[in-house]
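Here's a quick briefing to read alongside the model. Have the viewer open and click through as you go.

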Amino acid sequence: MSRSKSRKPYEGSRFGRGCLLARRLVEAGARFIEVSTEYVPFLGWDTHDNGHTRMVDLKRMIDAPIAQLVRDLEQRDLLDRTLIVLASEFSRDVMVEGKPDKPVPNQVDQPDKMTELKHYGMHRHFTEAGSVLLFGGGAKRGFLFGKTAEERPCTSLTRKVTVTDLHATILRTLGISPRYGVEIEERPFYVTKDGVGQPVREVLRS
């Protein structure tokens with residue numbers, strides 16, 4: 001692939017250019033890189049309305065740059081030693097704020113029945129389920145772990161992974177124990193919550 005063609009998927013958005021910069025930093029030996037989408041309250045990925053239409057454009061914005069980043073790192077023999085983590089701070093449900101059994105009141109007017117297209121785009125903060133993608137760095141390819149309900153309230157059905165265990169899984173790829181910690185002013189600080197994280201070994205090649 002020519003240089004101009006390999007650059008094209010990165011162009012067109014701040015996030016895409018960030019992925020291109022991330023690739024170059026990996027090539028230069030950087031150990032940790034974060035690329036984030038631009039945060040504007042209630043815009044971008046923080047959309048709380050019209051999600052049924054706006055999410056299409058948002059997904060298009062990240063899809064091509066991430067795919068090209070994976071291809072580029074693999075072509076340069078850098079993917080196996082680079083872990084790409086695609087994640088957000090929480091997930092979304094159409095109408096529920098918080099958890100199904102602990103809804104947050106007075107956040108949005110909820111109709112008794114979902115009768116209009118816009119009702120399917122009233123995205124709220126939802127902590128009962130979410131998805132994380134792992135590329136390279138010892139993660140299995142094409143492997144799906146766990147299951148989320150297809151219908152509301154879209155809870156995790158099987159093999160639920162906590163944030164603590166996700167962190168432990170990432171740390172394992174780096175060779176760091178989830179129990180590792182330091183003591184500062186007689187207060188322990190661990191790399192996972194309370195040092196009890198357990199890596200999800202099923203998603204890793206070894």
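One term before we start: helices (H or I, at least four residues) and strands (E, at least two) are DSSP runs, numbered from the N terminus. With that in hand, Arg 159 can be placed in the loop between strand 8 (156-158) and helix 4 (163-173). Keep in mind that this is a predicted model.

**The chain overall**

- The secondary structure comes to 4 helices and 10 strands.
- Going along the sequence, the elements run α-α-α-β-β-β-β-β-β-β-β-α-β-β.
- The chain has 206 residues, and 31% of them count as buried.
- Take the contacts between residues at least 6 apart in sequence: 66% of these join residues at least 24 apart.
- Accessible surface adds up to about 14,200 Å², and carbon and sulfur atoms account for 51% of that.

**The largest nonpolar core**

- In soluble globular proteins, nonpolar side chains tend to be buried together.
- Here, the largest nonpolar core holds 13 residues. Tyr 10, Phe 15, Leu 69, Leu 73, Leu 79 and Ile 84 are the ones with the most contacts inside it.
- Two elements give two or more residues to this core: helix 2 (14-27) and helix 3 (51-75).
- Helix 3 gives the most, with 5 residues.
- Leu 69 is a good one to click on: leaving out residues up to four places away in sequence, Leu 69 touches Tyr 10, Cys 19, Arg 23 and Ile 84.

**Ser 13, ahead of helix 2**

- Ser 13 sits in the loop between helix 1 (3-7) and helix 2.
- Its relative accessible area is 11%, so Ser 13 counts as buried, the cut-off being under 20%.
- The Ser 13 side chain reaches the backbone nitrogen of Gly 16 at 2.9 Å.
- Ser 13 and Ile 62 are 49 residues apart along the chain, yet their C-alpha atoms are separated by 8.7 Å.

**Thr 192, after strand 10**

- You'll find Thr 192 in the segment after strand 10 (187-190).
- Thr 192 is buried because its relative accessible area is just 3%, under the 20% limit.
- Setting aside neighbours within four places in sequence, Thr 192 is in contact with Thr 164, His 167, Ala 168, Leu 171, Pro 178 and Gly 197.
- With Gly 197 there's a polar pairing too: a polar atom of the Thr 192 side chain lies 3.2 Å from the backbone nitrogen of Gly 197.

**A nonpolar patch on the surface**

- Leu 174, Ile 176, Tyr 180, Val 182, Ile 184, Phe 189 and Val 191 form a nonpolar patch on the surface. Together they have about 620 Å² of accessible area.
- One of them, Val 182, belongs to strand 9 (residues 181-184).
- Val 182 comes out at 39% relative accessibility, so it counts as partly exposed.

**Positive phi in loops**

- Asp 77 isn't a glycine, but its phi is positive, at about 60°. Asp 77 is in the loop between helix 3 and strand 1 (83-86).
- With a relative accessible area of 68%, Asp 77 is exposed, because the cut-off for that is over 50%.
- Arg 159 also has a positive phi, near 55°, and is a residue other than glycine.
- Arg 159 has a relative accessible area of 45%, so it is partly exposed.

Conventions
Residues are numbered from 1 along each chain as its sequence is written. This is a predicted model: local features need pLDDT of at least 70, side-chain atom pairs count only at pLDDT 80 or more; totals for chains, interfaces and linings use all residues. Side-chain values use heavy atoms; hydrogens and water are left out. A nonpolar core is a set of buried Ala, Val, Leu, Ile, Met, Phe, Trp, Tyr and Cys residues joined through side-chain atoms within 4.5 Å. Buried means under 20% relative accessible area, exposed over 50%, partly exposed in between (1.4 Å probe, protein chains only). Contact means heavy atoms within 4.5 Å. A polar contact is a pair of N or O atoms within 3.5 Å; within protein, one must be able to donate a hydrogen and the other to accept it, and residues adjacent in sequence count only if both atoms are side-chain atoms. Patches are made of residues with over 30% relative accessible area and no salt bridge: like charges are joined within 9 Å, nonpolar side chains (Val, Leu, Ile, Met, Phe, Trp, Tyr) within 5 Å. Accessible areas come from the Shrake-Rupley method with a 1.4 Å probe; for residues, only the protein chains shown count as cover. A salt bridge is a side-chain nitrogen of Lys or Arg within 4 Å of a carboxyl oxygen of Asp or Glu.
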